[in-house]
Amino acid sequence: MRLPAFPGTYTIKLPDQGKYLTGASVEQPISWSSAGESAQLTTTYNEAFRTDVEAQVKARIDECIKQATNEVPSDCPFSSPLYYPASSYRKVAWKVDNYPKITVGEPGYEGGVQISTEQDGKASVGYEHDEGFLEPDWKAGRQETTISPSGSATITGEKLDAVEVTLS
C-alpha cells in the first residue's frame, strides 16, 4: 500500500485489535528528498493463529474418521489400508491413535500460509474380513495408516479474525 506523507517521522504498526498477526512497529523518517522510499513492516502469525489452524486440522481429521468406511473420502489427509471390496468387510471402525504435529509457515502473499506435517499422526481401523471361499469365515483384523496433512490457511473476515484451512 502506498500513501503520501508530509515530512516528519512516522510510526507504522499493525492495528492493536489484530487477532492473528504480530509485528514490531517501524519508525520511518520522511523528507522532501525521500520521495519513492518505502517502509517495510514485517509480520508473523501469533500463537492464536497456530492454535486455530491446528484446531481446524484436527476437526477435519475427526470428520474424515467419522465418514471413513473401508474407503476414505479423497479430501482426507490419510488413506485406507483396506483393499478388498466393501462387501468383504463388516464392523469397520476407525479411530485416531495420535494426531499429527503440524507446522504453520510464515505469512505469504495475500495472507496465505502453508501447512505441512512435522510429525505424522496415526489412525487405525478395526474390522472383520471375510476370508471364506464358499462359506463366510469372518476374521478380526486391525490396520494402521499415517495421517499427514498439508495445505494452506488464510486469514479471512472483515476484521481478519477468522481462519480458513484447505487440506490437499
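Three strands form an open sheet in the order β5-β8-β9, with antiparallel pairing. The edge strands are β5 and β9, each of which pairs on one side only. From one strand to the next, the twist averages 15 degrees. Helix α1, residues 47–67, packs on this sheet and touches β5, β8 and β9. The model is predicted.

**The sheet, strand by strand**

- Strand β5 covers residues 89–98, and 7 bridges join it to β8 in an antiparallel arrangement.
- V96 has A123 in β8 as its bridge partner.
- Strand β9 covers residues 138–147 and pairs with β8 over 10 bridges, again in the antiparallel sense.
- Two positions help to locate this pairing. The bridge partner of Y127 is G141 in β9, and V125 stands opposite Q143 in β9.
- Strand β8 spans residues 121–130, and 7 of its 10 residues are buried, so the strand is largely enclosed by the rest of the structure.
- In a regular strand, side chains alternate between the two faces of the sheet.

**The helix and the nonpolar core**

- The direction of α1 makes about 165 degrees with that of β5.
- The largest nonpolar core has 27 residues. Those with the most contacts inside this core are F49, V53, V57, F78 and W94.
- Several elements give two or more residues to this core: α1, β5, β6 (101–104), β7 (112–119), β8, β10 (151–156) and β11 (162–167).
- Helix α1 supplies the largest share of the core, 6 residues.
- V57 is in contact with I102, I115, P149, V165 and L167, leaving aside its neighbours within four places in sequence.

**Aromatic pairs and a charge over a ring**

- The structure holds 4 aromatic pairs.
- Y45 and F49 have ring centres 3.8 Å apart and planes at 15 degrees, so this pair is stacked. Both residues are buried.
- Y89 and Y127 form an edge-to-face pair, with 5.4 Å centre to centre and 85 degrees between the planes.
- This second pair links distant parts of the chain: Y89 lies in β5 and Y127 in β8, 38 residues apart.
- Y89 counts as buried because its relative accessibility is 9%. Y127 is buried too, with a relative accessible area of 11%.
- Ring pairs also link Y20, Y45 and F49 into a cluster.
- The charged end of K58 sits over the ring of Y99, 4.8 Å from the ring centre.

**Two residues to look at**

- K91 is in strand β5. Its phi is near 50 degrees, a positive value in a residue other than glycine.
- Most residues other than glycine have a negative phi.
- K91 counts as exposed because its relative accessibility is 60%.
- Q28 is in strand β3, residues 26–30. At 13% relative accessibility, Q28 counts as buried, since the cut-off for buried is under 20%.
- Not counting residues up to four places away in sequence, Q28 touches G8, T9, Y10, I12, E37, S38 and A39.

**The chain as a whole**

- The secondary structure comes to 1 helix and 11 strands.
- From the N terminus on, the elements run β-β-β-β-α-β-β-β-β-β-β-β.
- The chain has 168 residues, and buried residues make up 27% of them.
- Among contacts in the chain with a separation of 6 or more, 54% are between residues 24 or more positions apart.

**Points to check on the structure**

- Which strands are the edges of the open sheet? They are β5 and β9.
- Which element gives the largest share of the core? Helix α1 does, with 6 residues.
- Is K91 exposed or buried? K91 counts as exposed, at 60% relative accessibility.
- Where is the charged end of K58? It sits over the ring of Y99.

Note on methods:
Residues numbered from 1 in each chain as written. Predicted model: local features only at pLDDT ≥ 70, side-chain atom pairs only at ≥ 80, totals over all residues. Heavy atoms only, no water. Buried < 20%, exposed > 50% of the residue type's maximum accessible area, 1.4 Å probe, protein only. Helix = DSSP H or I, 4+ residues; strand = E, 2+ residues; numbered from the N terminus. Pairing = 2+ DSSP bridges. Axes fitted to C-alpha atoms, helices over the stretch in contact; angles between N-to-C directions. Contact = heavy atoms within 4.5 Å. Core = buried A, V, L, I, M, F, W, Y, C linked by side-chain atoms within 4.5 Å. Phe/Tyr/Trp six-rings, centres within 6.5 Å; stacked < 30°, edge-to-face > 60°. Lys NZ or Arg CZ within 6 Å of the ring centre and 35° of its normal.
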